[in-house]
Amino acid sequence: RMAVHSLDTMTAYAAFLHQNAHELALLFKEMLIGVTTFFRDPEVWQELRGQILPALLARHVAASGPLRAWVVGCSTGEEAYSLAITFAEVLESMPQRASCELQLFATDLNADAIAAARNGRFAPAIARDLSPERLAKFFTERPDGYQIDKRIRDMVLFAQHDVILDPLFTRLDILSCRNLMI
């Protein structure tokens with residue numbers, strides 16, 4: 001940002017920030033990293049689908065309420081939707097657990113990212129990250145890309161949240177901080 005404004009010192013940039021609220025907002029946005037894709041690190045999702053979720057569901061008593069998950073730093077929603085899709089796939093493979101529900105909280109500091117996540121529309125490029133079967137089953141193709149399926153979208157509650165300043169979610173079964181830790 002200093003180079004963009006031809007400023008040579010941090011002191012000069014700090015003075016520029018004090019005089020220009022718009023620049024401060026731009027600097028804040030640039031510090032947030034929006035690196036996310038569907039099913040990033042496939043081996044993690046294979047472990048979750050093959051071992052972790054089935055074990056969690058086997059122990060879970062439906063009467064105690066839904067499984068609760070939180071995706072911290074969800075960005076534009078790919079991580080949260082990947083978790084919801086994986087949950088749906090595991091439930092299909094365990095018909096005896098069909099009554100289980102997932103209550104997934106997905107939060108991010110960036111209000112624009114949350115708005116995009118809530119919208120659930122993704123560019124055509126997601127076809128590189130998802131199998132044709134998953135695309136057909138969990139998305140509707142649109143002229144400008146893909147729309148997440150309503151039943152997957154309804155599993156996720158997106159909210160703007162500052163994990164450093166705001167109270168944390170409690171009584172969780174799954175906590176994903178993968179995007180936050182980048």
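**Exercise 1. Contacts of I152**

Leaving aside neighbours within four places in sequence, which residues is I152 in contact with?

*Solution.* The model is predicted.
Step 1. Set aside the neighbours of I152 within four places in sequence.
Step 2. Read off what remains: Y81, A84, I85, A88 and F138.
Step 3. Place I152 in its wider setting. The largest nonpolar core has 40 residues, and I152 is one of those that touch the most other members. The others in that group are F87, L104, F139, V156 and F158.
Step 4. Ask which elements feed this core. At least two residues each come from helix 3 (42-59), strand 1 (67-72), helix 4 (78-93), strand 2 (102-108), helix 5 (111-119), helix 6 (132-138), strand 5 and strand 6 (156-160). Helix 4 gives the most, nine residues.

**Exercise 2. Overall layout**

State how many helices and strands the protein has, and give their order.

*Solution.*
Step 1. Count the elements: seven helices and seven strands.
Step 2. Walk from the N terminus. The run is α-α-α-β-α-β-α-β-α-β-β-α-β-β.
Step 3. Add the dimensions. The C-alpha trace spans about 65 × 40 × 25 Å along its principal axes.
Step 4. Add burial. Of 182 residues, 38% count as buried.
Step 5. Check the contact range. Take contacts with a separation of 6 or more; residues 24 or more positions apart account for 73% of them.

**Exercise 3. The three-stranded sheet**

Work out which strands stand at the edges of the open sheet of three strands.

*Solution.*
Step 1. Write the order: 3-5-4, with antiparallel pairing.
Step 2. Find the edges. Strand 3 (121-122) and strand 4 (139-142) each have a single partner strand, so one side of each is left without a neighbour in the sheet.
Step 3. Recall the general rule. Strands of a sheet pair through backbone hydrogen bonds, either parallel or antiparallel.
Step 4. Take the first pairing. Two bridges join strand 3 to strand 5 (residues 145-148) in the antiparallel sense. R121 has Q147 of strand 5 as its bridge partner.
Step 5. Take the second pairing. Strand 4 and strand 5 run antiparallel and share four bridges. Here E141 is partnered by Y146 of strand 5.
Step 6. Look at the link. Strands 4 and 5 form a hairpin, with two residues between them.

**Exercise 4. Strand 1**

Is strand 1 largely enclosed or left open by the rest of the structure?

*Solution.*
Step 1. Count buried residues. Six of the six residues of strand 1 are buried, so the strand is largely enclosed by the rest of the structure.
Step 2. Split the strand by side-chain direction. L67, A69 and V71 point one way; R68, W70 and V72 point the other way; all are buried.
Step 3. Find the partner. Strand 1 pairs with strand 2 in the parallel sense, over six bridges. A69 stands opposite L104 of strand 2.

**Exercise 5. Positive phi**

Locate F39 and S75, and say whether each is buried or exposed.

*Solution.*
Step 1. Start from the background. Most residues other than glycine have a negative phi.
Step 2. Check F39. Its phi is positive, near 50 degrees. F39 lies in the loop between helix 2 (21-31) and helix 3. Its relative accessibility is 8%, so F39 counts as buried.
Step 3. Check S75. Its phi is about 55 degrees, again positive in a residue that is not a glycine. The loop between strand 1 and helix 4 holds S75. S75 counts as buried because its relative accessibility is 7%.

**Exercise 6. The second largest pocket**

Describe the lining of the second largest pocket.

*Solution.*
Step 1. Take the volume: about 160 Å³.
Step 2. Count the lining. It has 13 residues; V44, W45, L48, S176 and R178 lie nearest the centre.
Step 3. Assign elements. Helix 3, helix 4 and strand 7 (174-176) each supply at least two lining residues. The largest share, five residues, comes from helix 3.
Step 4. Sort by class: nine nonpolar, one polar and three charged residues.

**Exercise 7. H5**

Where is H5 found, and which residues does H5 touch?

*Solution.*
Step 1. Locate H5. This residue is in the segment before helix 1 (10-19).
Step 2. Classify its exposure. The relative accessibility of H5 is 28%, so H5 counts as partly exposed.
Step 3. List contacts, not counting residues up to four places away in sequence: Y13, F16 and E23.
Step 4. Compare a distant position. H5 and E79 are 74 residues apart along the chain, and their C-alpha atoms are separated by 35 Å.

Conventions. Residues numbered from 1 in each chain as written. Predicted model: local features only at pLDDT ≥ 70, side-chain atom pairs only at ≥ 80, totals over all residues. Heavy atoms only, no water. Pairing = 2+ DSSP bridges. Core = buried A, V, L, I, M, F, W, Y, C linked by side-chain atoms within 4.5 Å. Buried < 20%, exposed > 50% of the residue type's maximum accessible area, 1.4 Å probe, protein only. Contact = heavy atoms within 4.5 Å. 1 Å grid on protein atoms, 1.4 Å probe; cavity = no way out; pocket = protein on both sides within 12 Å on 5 of 7 lines; lining within 4 Å. Points joined across faces, edges and corners; volume = space filled by probe spheres on them. Nonpolar A, V, L, I, M, F, W, Y, C, P; charged D, E, K, R; others polar.
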